[in-house]
Amino acid sequence: MITVENLTKTFQGVSALNGVTLDVEAGTVLGVVGPSGAGKSTLARCVALLERPDSGAIRVDGTDITSLDGSALRAARRQIGVVPQGDSLLRQRTAAGNIALPLESAGVPGPQRRTRVGELLDLVGLTDKAAAYPDQLSGGQRQRIAVARALAANPSVLLADEPTSALDPETTGSVLTVLDRARAELGVTVLVVTHDMGVVRKICDDVAVLEQGKVVEHGKVLDLVNNPISRTSSALLPAVDLNPINESAYDRVADVVLVGFAAVGALLPEAAHRFGVELNIVGGGLTRLGETPVARFRLGLNGERSDSALEWIGEAGGAVQRSLKGPQGVAA
Amino acid sequence: MRSATPWSDVISYLVEATGETLYMVGVSTVIATLLGVPVGVWLQLTAKGGLRPNAAVHRILSFVTDLGRSMPFIVLLVALTSVTRLIVGGSIGSTAVIVPLAVGAIPFVGRLVQNVLSEVHVTVVEAAITTGASTLKIVRSVLVRESMPALINAIGVTVIALIGYSAMAGVIGGGGLGDLAIREGYQRFNDRILWSTVAWLAVLTTVIQFGFTRAARASDRRRHASV
């Protein structure tokens, strides 16, 4: 749906984007993460058509939108709904009035405008706040109105720039739920730029890691967590190193990653049973990526067939990421 | 020593002069607002970081604006005589004063308006840009509407300033409260008229200021305006 090709942008000799290439499939959510100064904001501003890249292309449905002007540019902007970073609502307009702004720009007549605003208020769960002014809303409510505004003109792409940076964890959840619903109910393709891995954990299908103006990692979240050296897996999976364990108590010590209900629930007991080994979880924990439970455990194994048990876990769908004690070749 | 002017006469003097002042200031404020707001908008649009940055246009406009503001009003009053005659068909009287008052106030309003518009947060303006709004739409619905309370206050400041300027209207026979205080009060040693006029001017400006403050607040939808 939206592709970014070899985008570069330099500010006064300092390179902010250095050949960024991304691809977001229709109806999916891509999280762009990275440390401060990695170029996330510049990328977001280029996609929002607020900044023109020095070179490269941004294609929506195959059409390059980076070199448009005038009314073509304004039309392209309506194809990309933007939830800007920070407070961006008109303080002198009601919530409903703010949502109506893109519809006014698009020349949608009054009655249709009101209907559409009603639908969007419903989508973000703020129907009762239609007549409230931004200063009468909480930060999370304002951000949901900003999402509704971004969706008003039926864009095919929704760009959210740090949508949760000023919010507490609870309100963050409500804003992410709304973004997720936009994808699920409207089929919008979502690009969310964030420094918060929690956003990736909760709503992203894909993730791209930006560092020094370059994409250093790009793929499906559930694939990347299985890759032990990926930045995504180390950032998203539960830490295993918190309590140093006495490795001498075990024949084998290894870290495994398990994805999905079946793997998390049944794989380890079955391995223990099948190979007659003692299998203890000595570190790590369980988390969720979207709706999928994902675990990273540090296992301690005792028994003659420990290696076979680990190998079997790997074959049965788990990923043995690291063997701390035992033959390194076991890692799948 | 003459006996003091009777209070009934003082009051009729004040009523007449107040009418002249309000006429001169009122009409020139309307004209200065109609022409000064676009100047302020243009200044802000062409400024660095504005919607249509254009250094050359901005510099020229700034220069002209500051030139206009630096001109002492009394000089403007006499310098514009021929222009005034062309526009209103005469160069004396209250109506004639309106021309220099308005001309003097346009750059004043322009600067005030630009300052006010520049206070609208860049995130809010950019958010409007991303909705595909045209420049005209952003000026109307975002810059001007979001600044409405401050704009109303700016017009209030202009009215008070114009009341001050209009005190010099007497030079070309414009009348008004300033003229009353100077000619009937000060120059004829009539303390009663002088101090009555001063007191009335204080009341008048206070009331006008109060009115504009209330109007500004009424137009404001932010926190303190709730319900």
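Reader: What share of the contacts in chain A with a separation of 6 or more comes from residues 24 or more positions apart?
Author: This is a predicted model. Contacts in chain A with a separation of 6 or more are the base here. Residues 24 or more positions apart account for a share of 68%.

Reader: How many helices and strands does chain A have?
Author: Both kinds of element occur in chain A. The count is 11 helices and 14 strands.

Reader: What does the C-alpha trace of chain A span along its principal axes, and what part of the residues count as buried?
Author: The C-alpha trace spans about 75 × 50 × 30 Å along its principal axes. Chain A has 332 residues. The part that counts as buried is 52%.

Reader: How far apart are the mean positions of the positive and negative charges of chain A?
Author: Chain A carries 32 positive and 37 negative charges. Take the mean position of each set. They lie 7 Å apart.

Reader: Is A:Leu279 buried or exposed?
Author: A:Leu279 sits in strand β12, residues 278-289. Its relative accessibility is 16%. The cut-off for buried is under 20%. Therefore A:Leu279 counts as buried.

Reader: Which residues is A:Leu279 in contact with, leaving aside its neighbours within four places in sequence?
Author: Set aside the neighbours within four places in sequence. Contact needs heavy atoms within 4.5 Å. The partners of A:Leu279 are then A:Leu268, A:Ala271, A:Ala272, A:Leu299, A:Gly300, A:Leu301 and A:Ile313.

Reader: What separates the C-alpha atoms of A:Leu279 and A:Ser306?
Author: A:Leu279 and A:Ser306 are 27 residues apart along the chain. In space, their C-alpha atoms are separated by 8.5 Å.

How values were computed:
Residues are numbered from 1 along each chain as its sequence is written. Chains are lettered from A and ligands numbered from 1 in the order in which they are written. This is a predicted model: local features need pLDDT of at least 70, side-chain atom pairs count only at pLDDT 80 or more; totals for chains, interfaces and linings use all residues. Side-chain values use heavy atoms; hydrogens and water are left out. Helices (H or I, at least four residues) and strands (E, at least two) are DSSP runs, numbered from the N terminus. Buried means under 20% relative accessible area, exposed over 50%, partly exposed in between (1.4 Å probe, protein chains only). Lys and Arg count as positive and Asp and Glu as negative; His and the chain ends are not counted. The place of a charge is taken as NZ of Lys, CZ of Arg, CG of Asp or CD of Glu.
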